[in-house]
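Me: I have a structure to go through with you. Could you take my questions one at a time?
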Amino acid sequence: MLKIGRYNHLRVNRLVDFGAYLDAGDDHEILMPAKYMDPDIQPGDEVDVFVYTDSEDRLVATTEHPFAEVGEFAYLQVADVNKVGAFMDWGLQAKQLLVPFSEQKLKMNPGCIYLVYVYLDDTTKRIVGSSKIEKYLGNVLPHYKRGDEVKALVFQHNALGYRCIVDNLHYGLIYQNELFQPLELETTIKAYVKQVREDGKIDLTVGDCSRIRTRDTADEILDQLQQAGGELPFSDKSDPDEIRDRFHCSKKDFKKALGKLYKEHRIELLADSIKAL
């Protein structure tokens, strides 16, 4: 199924003087203008293209890469403002992104940069933008577990830390007191899930997620020790499969967790067992 405002993998149906027509399914074709074509392209070849609508609402395919697809957030600069809204530099030569006045949180001015959400208007089937980002965040429940890697767009700094947009869907927060250096606003970084709060917002960390796994494994070891009366028949020499079956972790993470608990004086390491202190 063709995805407007996204990348599509399409087959070349036929070549014409001004470009190539691509198979869009259901006996429809989309023009890829000649300026985007590889000189060696032939009918039957398959290409990865971004599909958008031009000023006359015709579908067009391009090999250019916009700064954001439909369903994504990006910081975009206003190229022009007219009676219908602001037109943003979107990264496409032949197409700017309209942010209608009704979708502007604050009045947009030429040359200024704003955080914008790109979406497909259900009625017109046109790709448009909105700076009212709160409308498009937190509308689905997050399904992450502790330690999961996510993409975080850093968009605001406050007393607690840095507010982020997580995977273009959720609100996230990286706490100030867990950072060794400031984060740069308007950038997308790799982060890890610490916890999903009851309100659906996500606490994040930028630290190595192996530390999260180590903490979780250490907590699991302590729980198992308590249930077993204070001693378990495991050591850093135990079989990896037995460790995985019992603690649901790798032997490497298990050994790191043992080291952490030993340094904290919470366990004693015996020849063939672990003993709680």
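Me: Where is His248 found?
Reply: His248 sits in the loop between helix H2 (240-247) and helix H3 (251-263), where helices (H or I, at least four residues) and strands (E, at least two) are DSSP runs, numbered from the N terminus. This is a predicted model, in which local features need pLDDT of at least 70 and side-chain atom pairs count only at pLDDT 80 or more, while totals for chains, interfaces and linings use all residues. Residues are numbered from 1 along each chain as its sequence is written, and side-chain values use heavy atoms, with hydrogens and water left out.

Me: Is His248 buried or exposed?
Reply: His248 is exposed, at a relative accessible area of 64%; buried means under 20%, exposed over 50%, and partly exposed in between (1.4 Å probe, protein chains only).

Me: What about its phi?
Reply: The phi of His248 is near 60°, a positive value in a residue other than glycine. Most residues other than glycine have a negative phi. Asp26 also has a positive phi, near 55°, and lies in the loop between strand S2 (19-25) and strand S3 (28-33).

Me: Switching topic, how many disulfides does the structure hold?
Reply: Zero, counting as a disulfide a pair of cysteine sulfur atoms within 2.5 Å. As for cysteine exposure, Cys249 is buried at 9% relative accessibility, whereas Cys112 is partly exposed at 32%.

Me: And which residues does Asp148 touch?
Reply: Leaving aside residues up to four places away in sequence, Asp148 touches Ala191, Tyr192 and Val193, contact meaning heavy atoms within 4.5 Å. Asp148 is buried, at 19% relative accessibility, and lies in the loop between strand S10 (127-130) and strand S11 (149-157).
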